[in-house]
Amino acid sequence: LRRAHDLALDRTAITEGLALAYHNLGYMDSALALADTLFMADPHSPGGHLIRLVNAIAAGDMTRAER
């Protein structure tokens, strides 16, 4: 996924997949950094919101997850 991301930075689905992979591996900071990248490209990015939601739920922060 990292290689695909490097080759196609504009492909949202690849960035989202990489962020979820980072999340599943426990690299929350990297996942959130990619969410920020998605938001830079689209302030209403569904994938960015998904990554932040998954991260908040994993952290047990339901207040943040509801935003």
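# A guided tour of a five-helix chain

Begin with the whole chain in cartoon view, where you will find 5 helices and 0 strands; helices (H or I, at least four residues) and strands (E, at least two) are DSSP runs, numbered from the N terminus. Read along the sequence, the order is α-α-α-α-α. The radius of gyration of the chain is 11 Å, close to the 11 Å that the globule rule gives for 67 residues, so the chain is as compact as a globular protein of that length. Here the radius is taken over C-alpha atoms, and the globule rule is 2.2 Å times the number of residues to the power 0.38.

Before selecting anything, keep in mind that this is a predicted model, in which local features need pLDDT of at least 70, side-chain atom pairs count only at pLDDT 80 or more, and totals for chains, interfaces and linings use all residues. Residues are numbered from 1 along each chain as its sequence is written, and side-chain values use heavy atoms, with hydrogens and water left out.

## The whole chain

Turn the C-alpha trace around slowly: along its principal axes, the trace spans about 35 × 25 × 15 Å. If you then show the surface, its accessible area comes to about 4,600 Å², of which 56% belongs to carbon and sulfur atoms; such areas come from the Shrake-Rupley method with a 1.4 Å probe, and for residues only the protein chains shown count as cover. Of the 67 residues, 30% are buried, where buried means under 20% relative accessible area, exposed means over 50%, and partly exposed lies in between (1.4 Å probe, protein chains only).

Next, colour the charged side chains, of which 6 are positive and 8 are negative, with the centres of the two sets 4 Å apart. In this count Lys and Arg are positive and Asp and Glu negative, while His and the chain ends are not counted; the place of a charge is NZ of Lys, CZ of Arg, CG of Asp or CD of Glu.

## First stop: α1

Select alanine 4, which lies in helix α1 (residues 2-7) and is partly exposed, with a relative accessible area of 29%. From alanine 4, draw a distance to isoleucine 14, which is 10 residues away in sequence and 6.9 Å away in space, C-alpha to C-alpha.

## Second stop: α2

Now move on to α2, whose 14 residues should span 20 Å at 1.5 Å a residue, and whose end C-alpha atoms are 20 Å apart, which agrees. The expected span of a helix is 1.5 Å times one less than its number of residues. Select Ile14, Thr15, Leu18, Ala19, Tyr22 and His23, which are the buried residues of α2.

Alanine 13, also in helix α2, is exposed, with a relative accessible area of 58%. Glycine 17 of helix α2 counts as partly exposed at 24% relative accessibility, and its C-alpha atom lies 9.6 Å from that of arginine 2, 15 residues away in sequence.

Which residues does histidine 23 touch, not counting residues up to four places away in sequence? Select Met28, Ala31, Val54, Asn55 and Ala58 to see them; contact here means heavy atoms within 4.5 Å. Histidine 23 itself counts as buried, at 11% relative accessibility. After α2 comes glycine 26, whose phi is positive, near 90°.

## Third stop: α4

Select residues 46-58 to show helix α4, where 13 residues at 1.5 Å a residue should span 18 Å, and where the end C-alpha atoms are 18 Å apart, which agrees. Within α4, Gly47, Gly48, Ile51, Asn55 and Ala56 are buried. To find what covers these buried residues, add α2 (12-25), α3 (28-41) and α5 (62-66), which are included in the cover.

Zoom in on glycine 47 in helix α4: is this residue buried or exposed? At 4% relative accessibility, glycine 47 counts as buried. Leaving aside neighbours within four places in sequence, glycine 47 is in contact with Glu16 and Leu38. A distance drawn from glycine 47 to alanine 33, 14 residues apart along the chain, gives a C-alpha separation of 12 Å.

Finish just after α4 at glycine 60, which takes a positive phi of about 75°.
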